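Subject: Structure for your review

Dear colleague,

Please find below the structure I promised to pass on to you. My findings follow directly after it.

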Amino acid sequence: MCGIVGYYGPENPKDVILGGLKSLEYRGYDSAGVAILNHGEFKRVRAEGKLSTLQKKLEHEAFDGHLGIGHTRWATHGAPVEKNAHPHTVRGISLVHNGIIENYLELKEELGPQAQFTSDTDSELVAHLIAGEIESTHDLLASVLRVLPRLQGAYSILVVSKDHPDEMVAFKNGPPLIVGSAKGAVLVASDVQAILPYTKKVVYLNDLEIAHIKGESFEIYDSRGQALKKVVTTIDWTAEQAQKEGYEHFMLKEIFEQPRAVARALAPHVDVAKHTTNILENTGLAERFHGIDRIAIIACGTSFYAGQVGAYLIEKLAGITVTTDIASEFRYRDPVLSKNTLAVLISQSGETADTLAVLRQLKRLDVPVLSLCNVKNSTIDRESDGHLYMNAGPEVGVASTKAFTSTLAVLHLVAVGIARSRGRLSALDEERYIRALLAAPAQMETVLACDKFFSEAATTLKSYRGFLYMGRGVNYPIALEGALKLKELAYMHAEGYAAGEMKHGPLALIDARMAVVMLAPSDGLYEKTLSNLEEAKARGGVIISIGTFGNEKLRDLSAHYLALPRAEWSVNPLLEAIPLQLLAYHVAHALGHDVDQPRNLAKSVTVE
Ligand code: M6R
C-alpha cells in the first residue's frame, strides 16, 4: 500500500525523503511525489510509475527549506496517473494520504461546486477541508482537529502548510504511522524501514491520535486535542537487514535467509539441552490454553496457508478442534464461537485490514486473541491479548517467504506445547519432534541447492499452460501456497488442490501442456499420493515431483524430480516450501517480471 515519509531537519529533505520512499518501495505503488519547502513555498514534483522516474525529475531540482513530505501511491480512487499522485495541494496545504475516505462523495457535495478539484482522488478532498479550516483558525493542528471527526474510513495522513513552514501534522485511523526523532530532526513514516537509518526510537500513533511536529520536537494529542504521554519503542531491526546484500532481488535473499530465520523463530521457545518447548508460557496466555475446546486460526493469503498447516499439526498432535478461516470471510460471517475458544491471528505485517477487523470483532465477543506477527508493535501485535513472533527479520519482497516458514516453525512448537500440556504427547515424543525441528535449518540449507535446478528449468517451465499443485494432509496447504506464489509472481494460472480431490474435477484439465507439481514425501499418505500422481501421468500431465531422498520410483515417474532430506512428517512442509518458492521466483524472472514488486500487489494490505 502507499508509503508516507516526512522530514524536518538539518539534512537535505530531498535525499532523506527519496531514500525513505525507496525503502518503502516494497509496499507496492504506481506513482510517487514530494512537496519540499523552497523559498517559503512547497515545491511539488510528482511522477507516474516507478520512483526512478521521480528521481530523474528531481535531479536538477534544488530546495532551500528543511521540511518536506513524500509519498508512493497505490491507486484506489482514480487511475495511477500524475494528476492523482500525492502530495495534493490546495491553497497552501499539501498532504499525503494512505487509505480510503469512505464518505468522500458526501463531503465533496458539502464543499459545493466552488471547490475546484484537480484530481480524481479522495485525498484531495481532505486538503480542501483543512485549507477551509485554516482560513479561520490560522493554526494547522487546530484545523486538523476540526476535520478529523468528519472523516470516515481507514486513513493515515501527513499534512503541511506553507504558512507554518516548520510544522507537520500526522494523524491516522487504520493504516500505520510512526514518528521518530533524531539529532535535530523529526521523521514521520508509514513504516520503520524509512526511519531506521536515522533513529531506532519511534512512537507508534494509535487510531485517532495526532502527532504535531514543530521544529525538532513533537507532541502527540488525542482527537479532542488533549496531550498524551506515549511510550517510545526501540526497534531491534537494523537498516542493513533491509538491504539486498548482493542478491539480485529481495525475494531471493529472503528465500536464502530461511534456515537462519527458522532457527531464530525457534530459539526463544526451545530448551536445546532438554529438547522441550516452553512456547505456551511465552505467549503471555499460558493459563488460557487450559480448558479451551477449540482453536480458531484466522489470517489472509500466505499467512492463512501457514495457519492451515498449523491446524493439521495441532489437531493431530494435541487432539483439539482447530478451524481455519480467511479473515475477509470471517469478519462478515456471524461466527458462532464457544466461550472456550482461543483465536490465533497470523499476520506478517501485523497491519492487514481484514485480520485487524477480525481482531476487533473477537475482542467485542470476548474471545482471547493470540497473535503471531513478524512486525513487533504492529497494530495487530499491540491490540492482541497474547503474542508470538515469527522473528524472521524485515521481509521486503511482496511475496512472503521467510515469514511463512518461520510461521510454520512457531506453529509446530505451539502444537507440541499444547499436546504436552494436554498429556497427549510423551516426553520422548516431545523430544523427537523438537529434535526434528532443530535439524530443519540445516536440512533447509541443503534444499536451497535446488536453486540451480529451477534457474535452468525455468525456460521450459514458463511455457506451460498452467500448473496444478497437489498434496495430501499437512502437504496440502503447501500446495495451495506454491500455487499462490506462482500466480502472484509469474502471473500464470496455478491452482492448489488436495490430491485426493483431483478425480472430482481438475483431472479434466490435465494434458501435455499442464504441469502437475506433486508433493509426495515419504509419510503416512505417500502411497495414496502416488496413485494420484499415476492418474495424472496416465492423462499426459507433466509431473514435477517433490519426494524424499532415495525414492527411485518417484524419479522414474516424473519429468522433474526433487529429493528432500528425510525428515519427520511434520517438518516436511518447511522443506517443501523452498523448491516451490524457487520455482515461482525463477519462472517469474525468466518471464521478465518484477519479482520483488509484482503488479497490482502490495506488501501490507491496509485497506479492505
Ligand atoms: O501481512 P499478512 O501476513 O497479514 O499478509 C497477508 C497476505 O496479504 C500475504 O500473505 C499475501 O498473500 C502475500 N503477498 C503472499 O506472498
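T401 is buried, since its relative accessible area is 0%, which falls under the 20% limit used for that class. This residue sits in the loop that runs between β22 (386–389) and α13 (402–421). Apart from neighbours within four places in sequence, T401 is in contact with M251, E254, I255, Q258, E395 and Q581. Please bear in mind that this is a predicted model.

A second threonine, T379, belongs to helix α12 (residues 379–383). T379 is likewise buried, with a relative accessible area of 2%. Its contacts, again leaving aside neighbours within four places in sequence, are K172, G350, E351, L356 and R360.

Domains

The protein chain is divided into domain 1 (3–241), domain 2 (244–425) and domain 3 (448–601). By these bounds, T401 and T379 fall in domain 2, and one contact of T401, Q581, falls in domain 3. Similarly, K172, a contact of T379, falls in domain 1.

How far apart are the centres of domain 1 and domain 3? Taken over C-alpha atoms, the separation is 44 Å. These two domains nevertheless touch: 7 residues of domain 1 are in contact with 4 residues of domain 3. The size of an interface is often given as the accessible area lost when the parts come together. Between domain 1 and domain 3, the buried area is about 340 Å², and carbon and sulfur atoms give 36% of it.

There is 1 salt bridge between domain 1 and domain 3. The residues on the side of domain 1 that touches domain 3 comprise 3 nonpolar, 1 polar and 3 charged. The count of residue pairs in polar contact between the two domains is 1, with both residues at pLDDT 80 or more.

Salt bridges

Side chains of opposite charge can pair when their charged atoms come close. In this model the count comes to 30 salt bridges, and several of them are described here.

The side chains of D594 and K50 meet in a salt bridge, with 3.7 Å from N to O. D594 lies in the segment after α19 (572–590) and K50 in the loop between β3 (41–48) and α2 (51–58), so this pair ties together parts of the chain that are 544 residues apart in sequence. D594 is partly exposed, at a relative accessible area of 33%, and K50 is also partly exposed, at 34%.

K214 forms a salt bridge with E167, and the closest N and O atoms are 3.7 Å apart. This pair, too, links distant parts of the chain: K214 is in strand β12 (residues 210–214) and E167 in strand β8 (residues 167–173), 47 residues apart. Are these two partners buried or partly exposed? K214 is partly exposed, with a relative accessible area of 43%, whereas E167 counts as buried at 7%.

K253 pairs with E257 in a further salt bridge, the closest N and O atoms being 3.4 Å apart. Both K253 and E257 are buried. In addition, salt bridges that share partners join K172, D207, R360 and E383 into one network. Two members of that network, K172 and R360, are also among the contacts of T379.

With kind regards

Technical notes. Residues numbered from 1 in each chain as written. Predicted model: local features only at pLDDT ≥ 70, side-chain atom pairs only at ≥ 80, totals over all residues. Heavy atoms only, no water. Domains from an automatic or database assignment. Contact = heavy atoms within 4.5 Å. Buried area = accessible area lost by both parts, 1.4 Å probe. Salt bridge = Lys/Arg side-chain N within 4 Å of Asp/Glu carboxyl O. Polar contact = N/O pair within 3.5 Å; in protein donor to acceptor, adjacent residues only side chain to side chain. Nonpolar A, V, L, I, M, F, W, Y, C, P; charged D, E, K, R; others polar. Helix = DSSP H or I, 4+ residues; strand = E, 2+ residues; numbered from the N terminus. Buried < 20%, exposed > 50% of the residue type's maximum accessible area, 1.4 Å probe, protein only.
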